[in-house]
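Please read the following structure together with its sequence. How does one move from strands and helices to packing and to single residues?

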Amino acid sequence: MLNVSIVIPAWNEEERIIDCLTNATRQTVMPHEVIVVDNRSTDRTVELVEQFIADHPEAPVKLLHQDEDQGLIPTRNYGLNHATGDVLGRIDADCMLKPDWVEIVAGVFTEDPEAMGATGPVTYYDMPARKISLRSDDHVRRHTYRADGGQVLLFGSNMALRASAWHMIADEVCLDREDKMHEDIDISLHLLGRGLKTVYSRRMVCGISARRMDTSFKSFHNYMQRFKNTFEAHPEHWRKHKSEHTLYLMYPWLHALYPLYQQYLEAKDINPAVRVWFKEQLDLALDDGEDLSEIEDLDQEENSDNKDAKDIESTTSQAA
């Protein structure tokens with residue numbers, strides 16, 4: 001089986017970086033390496049990663065520093081260039097990988113020698129109705145998140161590249177110094193421009209934060225404009241569907257619900273990043289023979305999506 005590196009660019013991610021590393025290393029198949037690339041963080045990100053490495057010497061976590069340039073793309077490139085795995089996973093520092101993610105990714109590239117890039121669906125772990133969210137995202141990515149007549153576009157929070165493919169395009173990807181493009185779509189189009197195959201796996205699942213929706217409409221709109229800007233920078237590529245239209249429809253509801261749900265989580269003392277894959281993590285720990293007798297049973301939270309949504313709806317109604 002091919003081995004998988006995971007690259008995590010990080011800038012001021014103290015809130016979720018430990019949860020991210022816990023999910024990345026609590027896998028059915030241990031990753032070859034998990035590389036956190038710090039980019040001039042001014043909070044406790046570096047300290048927390050160093051402590052995680054000290055507390056988990058068995059975990060293949062590495063901390064690198066990219067201090068030359070500020071920005072996601074040079075930090076991402078630095079991590080991908082220093083990774084040594086056959087396959088290079090790329091996620092964000094607030095992403096929570098499903099416990100079989102590494103195994104699924106290795107299988108995708110092992111079973112399809114022509115696959116050079118892969119991606120899968122995501123769910124919002126810090127919002128209610130996570131299962132519905134996952135089904136909706138899967139539908140969008142299977143049917144509309146495409147280019148050039150149906151070719152798969154990779155999603156930066158949940159993507160992987162064959163190492164050989166990355167090294168083919170590493171010197172070609174746009175640096176986007178004006179910060180106006182979607183770097184994941186840019187990578188996708190460079191792969192497609194080389195005639196390299198990208199694939200979609202419904203089993204390659206990751207939890208992401210909905211914090212992008214907790215911004216002003218102007219900020220959100222500017223972020224959505226990155227889709228247009230990226231394709232304009234690559235006029236030889238085209239798309240039939242504009243996935244950002246779906247996100248525009250979702251924005252008012254998610255923007256209103258996100259802060260309310262964060263208050264609910266805080267009141268209930270729930271860490272959504274821990275809860276999202278709790279059942280799977282519990283099963284994995286039991287398979288490893290760990291003594292979990294003193295751990296509070298959080299498994300009941302796994303099926304609480306509908307209850308969460310009803311509680312929030314009730315709270316909203318009372319406030320009104």
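The dialogue below concerns a predicted model and proceeds from the sheet to individual residues.

Q: In what order do the seven strands of the open sheet run, and what is the pairing?

A: A sheet is read strand by strand across its width. Here the order is β3-β2-β1-β4-β10-β6-β11, and the pairing is mixed. At the edges stand β3 (61–65) and β11 (197–200); each has a single partner strand, so one side of each is left without a neighbour in the sheet. Averaged over neighbouring strands and with direction ignored, the turn of one strand against the next is 25 degrees.

Q: In which sense do β2 and β3 pair, and over how many bridges?

A: The sense of a pair is read from its bridges. Strand β2 (residues 33–38) and β3 are parallel, with five bridges between them. One residue pair may be picked out: valine 36 has leucine 63 of β3 as its bridge partner.

Q: Which strands does helix α1 lie across, and at what angle does this helix run to β2?

A: One looks at the strands a helix covers and at its direction relative to one of them. Helix α1 (residues 17–25) lies across β1 (4–10), β2 and β3, and makes about 160 degrees with β2. Helix α4 also packs on the sheet, where it touches β1, β4 (87–90), β6 (115–119), β10 (159–162) and β11. The direction of α4 is at about 120 degrees to that of β1.

Q: Which residues have the most contacts inside the largest nonpolar core?

A: In soluble globular proteins, nonpolar side chains tend to be buried together. In this model the largest nonpolar core has 62 residues, and Ile6, Ile8, Leu21 and Trp101 have the most contacts inside it. Helix α4 gives the most to this core, namely seven residues. A second, separate core holds 19 residues, including Leu80, Ala83, Trp166 and Leu196. For leucine 21, the contacts beyond four places in sequence are Ile8, Val34, Val36, Val49, Phe52 and Val61.

Q: Is valine 108 buried or exposed?

A: Burial is judged by relative accessibility, with under 20% taken as buried. Valine 108, a residue of helix α4 (residues 101–111), has 14% and therefore counts as buried. Apart from residues up to four places away in sequence, valine 108 touches Ala118, Val199 and Ser201.

Q: Which residues of helix α11 are buried, and against what do they pack?

A: One lists the buried positions and then views them down the helix axis. In α11 (residues 278–287) the buried residues are Phe278, Gln281, Leu284 and Ala285. Their arc, seen down the axis of α11, is within 125 degrees, so they line one face of the helix. These buried residues pack against α1 and α10 (272–275). Glycine 289, which follows α11, has a positive phi near 80 degrees.

Q: Where are aspartate 148, aspartate 176 and histidine 234 found?

A: Loop residues are read from their location, backbone and surroundings. Aspartate 148 is in the loop between β8 (146–147) and β9 (151–152), and has a positive phi of about 55 degrees although it is not a glycine. Aspartate 176 lies between α6 (163–169) and α7 (183–193), again in a loop; its phi is positive, near 50 degrees, and it is buried at 15% relative accessible area. Histidine 234 belongs to the loop between α8 (217–232) and α9 (244–267), and is buried with 5% relative accessible area. Beyond its neighbours within four places in sequence, histidine 234 contacts Cys174, Met181, Asp186, Leu189 and His190.

Definitions and conventions: Residues numbered from 1 in each chain as written. Predicted model: local features only at pLDDT ≥ 70, side-chain atom pairs only at ≥ 80, totals over all residues. Heavy atoms only, no water. Helix = DSSP H or I, 4+ residues; strand = E, 2+ residues; numbered from the N terminus. Buried < 20%, exposed > 50% of the residue type's maximum accessible area, 1.4 Å probe, protein only. Contact = heavy atoms within 4.5 Å. Pairing = 2+ DSSP bridges. Axes fitted to C-alpha atoms, helices over the stretch in contact; angles between N-to-C directions. Arc of directions from axis to C-beta. Core = buried A, V, L, I, M, F, W, Y, C linked by side-chain atoms within 4.5 Å.
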